[in-house]
Amino acid sequence: MNGFFYTLLVTSVIGAVCTVMAWGGFEKYVRYIASLVCILLLLSPFRKIDETALADLRDGLTDSAISVGESELTIETLAEQKTEDCISELVFSEFGIKAVYTDIKIDWEEDSPVVESITVALNEYDMERAFLVRERLCRALGGEVTVVGVG
């Protein structure tokens with residue numbers, strides 16, 4: 001609300017100055033200044049939106065890293081962890097098998113990320129469906145898929 005009153009005060013003062021100047025033969029300059037003031041007043045709300053958006057962006061992610069306790073996770077590491085969680089969920093939802101361990105290696109140096117390898121560890125009693133799990137993950141994500149038995 002303070003911004004509104006400040007703008008109203010500035011506009012009133014500039015309007016009074018323009019009126020006084022118009023009587024002295026400065027009509028062309030007064031119109032030019034008045035036009036600039038109107039344009040600036042029309043654009044001023046957008047400046048505040050940009051400042052707010054930039055502040056939110058600065059608060060969100062800093063240097064493409066997220067602080068977690070004492071360590072810092074890069075965006076790439078976070079994406080790999082989320083993908084590993086999705087792999088576990090995919091195996092469980094399609095086969096009813098809870099993966100003991102999942103690991104994914106992604107090549108981030110290419111233009112777009114490329115899955116290099118996926119490793120899924122299953123319990124020994126779930127290994128009878130290892131071939132189906134391997135084939136499903138190959139179709140879904142690509143790369144070299146290895147399914148190993150544990151315990």
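## Close-up views of a predicted model

**View 1. L122 and its surroundings.** Leaving aside neighbours within four places in sequence, L122 is in contact with I97, A99, V100, M127, A130, V133, V147, V148, G149 and V150. All of these views come from a predicted model, so please read them in that light. L122 belongs to strand 4, which covers residues 114-123. L122 is also among the residues with the most contacts inside the largest nonpolar core.

**View 2. G149 in strand 5.** Here we turn to one of the partners of L122, G149. This glycine is found in strand 5, made up of residues 144-150. When residues up to four places away in sequence are not counted, G149 touches L122, E124 and M127. Between G149 and M127 the C-alpha atoms are separated by 6.2 Å, although the two residues sit 22 residues apart along the chain. Is G149 buried or exposed? The answer falls in between: its relative accessibility is 34%, so G149 counts as partly exposed.

**View 3. The open sheet.** Three strands make up this open sheet, in the order 3-4-5 and with mixed pairing. Which strands stand at the edges? They are strand 3 (101-107) and strand 5; each has a single partner strand, so one side of each is left without a neighbour in the sheet. From one strand to the next, the twist averages 10°. Strand 4 and strand 5 pair in the parallel sense, over 7 bridges. For a place to look within this pairing, take V120, whose bridge partner in strand 5 is V147. Helix 3 (residues 75-95) packs on the sheet and touches strand 3 and strand 4. The direction of helix 3 makes about 135° with that of strand 3.

**View 4. The largest nonpolar core.** How many residues does the largest nonpolar core have? There are 16, and those with the most contacts inside the core are I87, I118, V120, L122, V133 and L137. Two or more residues come from each of helix 3, strand 3, strand 4, helix 4 (130-141) and strand 5. Helix 3 gives the most, with 4 residues. Two of the core residues named here have appeared already: V120 as the bridge partner of V147, and L122 as a contact of G149.

**View 5. A salt bridge between two helices.** The side chains of E94 and R136 meet in a salt bridge, with 2.9 Å from N to O. E94 lies in helix 3 and R136 in helix 4, so this pair ties together parts that are 42 residues apart in sequence. With a relative accessibility of 40%, E94 counts as partly exposed.

**View 6. Two further salt bridges.** The count of salt bridges comes to 3, and this last view shows the pairs D103 with K105 and R134 with E135. The side chains of D103 and K105 meet at 3.1 Å, N to O. How do the two ends of this pair fare in accessibility? D103 counts as buried at 15% relative accessibility, whereas K105 is partly exposed, with a relative accessible area of 42%. In the salt bridge of R134 with E135, the closest N and O atoms are 2.9 Å apart. R134 is partly exposed, with a relative accessible area of 33%, and E135 is partly exposed too, at 30%.

Methods:
Residues are numbered from 1 along each chain as its sequence is written. This is a predicted model: local features need pLDDT of at least 70, side-chain atom pairs count only at pLDDT 80 or more; totals for chains, interfaces and linings use all residues. Side-chain values use heavy atoms; hydrogens and water are left out. Buried means under 20% relative accessible area, exposed over 50%, partly exposed in between (1.4 Å probe, protein chains only). Contact means heavy atoms within 4.5 Å. Two strands pair if DSSP finds at least two bridges between them. Axes are lines fitted to C-alpha atoms, for helices over the stretch in contact, and angles run from 0 to 180 degrees between N-to-C directions. A nonpolar core is a set of buried Ala, Val, Leu, Ile, Met, Phe, Trp, Tyr and Cys residues joined through side-chain atoms within 4.5 Å. A salt bridge is a side-chain nitrogen of Lys or Arg within 4 Å of a carboxyl oxygen of Asp or Glu.
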